[in-house]
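Please open the model in your viewer and keep the selection panel at hand. The tour below moves from one selection to the next and says what is found at each stop.

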Amino acid sequence: MFKRKDLLGIQELSREEICFILDTAESFKEVLTRPIKKVPTLRGKTVINLFHEPSTRTRVSFEIAGKRLSADTINISPSASSLTKGESLKDMAKTLEAMNPDIIVIRHPIPGAPHFLAQKAKFAVINAGDGAHEHPTQALLDLLTIREHKGKIEGLKVAIVGDIIHSRVARSDIFALVKMGAAVKVVGPPTLIPPLIEKLGVVVEYNLERGIADCDVIILLRIQLERQNRLFFPSIREYSRLYGLTLAKLSKAQKDVLIMHPGPINRGIEIDPQVADAPFSLILDQVTNGLAVRMALLYLILGGES
Ligand code: CP
């Protein structure tokens, strides 16, 4: 069962709630294969997408998810809103609340912004990424993709490689994978791995080849230069040489290893184009599953279950 007003993070979800969301998303995947990919489930409901940071995958898939469920979907970008005139997030929330929306999907650079909004508002809130804190819908779509291709999550060995310290995807994936019984390794240069991360139940490895050697799934992360206020490694070229995943480095991994990446990918930096476009790369499956997961969440949070 999933009975929550908001989805703010993976950390607070139980394993049962996660399984229920994944099962619901699986049933929505069938809807997406129909000639007419639309159901009337959320007719009369209003979904507002409030994205304070750039996004392609998350914003577009929430918009399509809302439309597929027949909700009225509205996108607000900060540059076109009264935030540019100095309005605070709190005042903006009150203003939007006066128009009685049912749900706000928010991406914000400040960790905790969705939680603040959820406390203040009667409408439901979904966290579409808050700073380097959490990106819960990404973790759910990652779980769905792994479960679909490996038939299970429990007992799998998963390596998360790259800029762990700045990554909300890494945090949500760690919470989700550990909760579901996977063994998680974080791999990257010491400066990009937060101290004490082992307390989240993961193993740390600084060498890429050793890190990926026995893994079933490798999740690559983009270097988030936009969140770096100092140099964390000598150069992109050096990072790419040591941590960029190529077919040659991948030959050290298991034969049936799967490659994932939340996107956007930087070809030639963390991932070689031959790996990104290989048959064992699930990057586009993740995008497709993102739509199903977001449909499931809108449906469950807006009372579709009844
Ligand atoms: N994975 C992800 O959050 O991508 P976007 O920034 O394009 O939404």
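**The cavity and its lining**

Begin by selecting Arg57, Ser61, Gln138, Leu141, His261, Pro262, Gly263, Ile283, Gln286, Val287, Gly290 and Arg294, the residues that line the largest cavity in what is a predicted model. About 80 Å³ of space lies within this largest cavity, and the count of cavities of 30 Å³ or more comes to one. If you colour the lining by residue class, you will find four nonpolar, six polar and two charged residues.

Next, show the helices H2 (57-68), H5 (136-150) and H11 (283-301), each of which supplies at least two residues of that lining. Of the contributors, H11 gives the most, with five residues.

**The ligand and its shell**

Now select the ligand, which sits in the largest pocket, and display the residues that surround the ligand, namely Pro54, Ser55, Thr56, Arg57, Thr58, Arg107, His135, Gln138, Pro262 and Gly263. Coloured by class, this shell divides into two nonpolar, six polar and two charged residues.

Which polar atoms should you look for beside the ligand's oxygen atoms? At Thr56, a polar backbone atom lies 2.8 Å from an oxygen atom of the ligand, and at Arg57 a polar backbone atom lies 3.0 Å from an oxygen atom of the ligand. Moving on to Thr58, the partner is an N or O atom of the side chain, 2.6 Å from a ligand oxygen atom. Finally, switch on the surface: of the 260 Å² of accessible area that the ligand has on its own, the protein covers 92%.

Definitions and conventions: Residues are numbered from 1 along each chain as its sequence is written. This is a predicted model: local features need pLDDT of at least 70, side-chain atom pairs count only at pLDDT 80 or more; totals for chains, interfaces and linings use all residues. Side-chain values use heavy atoms; hydrogens and water are left out. A residue is near a molecule or strand if one of its heavy atoms lies within 4 Å of it. A polar contact is a pair of N or O atoms within 3.5 Å; within protein, one must be able to donate a hydrogen and the other to accept it, and residues adjacent in sequence count only if both atoms are side-chain atoms. Accessible areas come from the Shrake-Rupley method with a 1.4 Å probe; for residues, only the protein chains shown count as cover. On a 1 Å grid over the protein atoms alone, a cavity is a set of points where a 1.4 Å probe fits but cannot get out, and a pocket is an open set with protein on both sides within 12 Å along at least five of seven lines; lining residues have an atom within 4 Å of a point. A molecule sits in a cavity or pocket if more than half of its atoms lie within 2 Å of its grid points. Ala, Val, Leu, Ile, Met, Phe, Trp, Tyr, Cys and Pro count as nonpolar, Asp, Glu, Lys and Arg as charged, and the others, Gly among them, as polar. Grid points are joined across faces, edges and corners, and a volume is the space filled by probe spheres set on the points. Helices (H or I, at least four residues) and strands (E, at least two) are DSSP runs, numbered from the N terminus.
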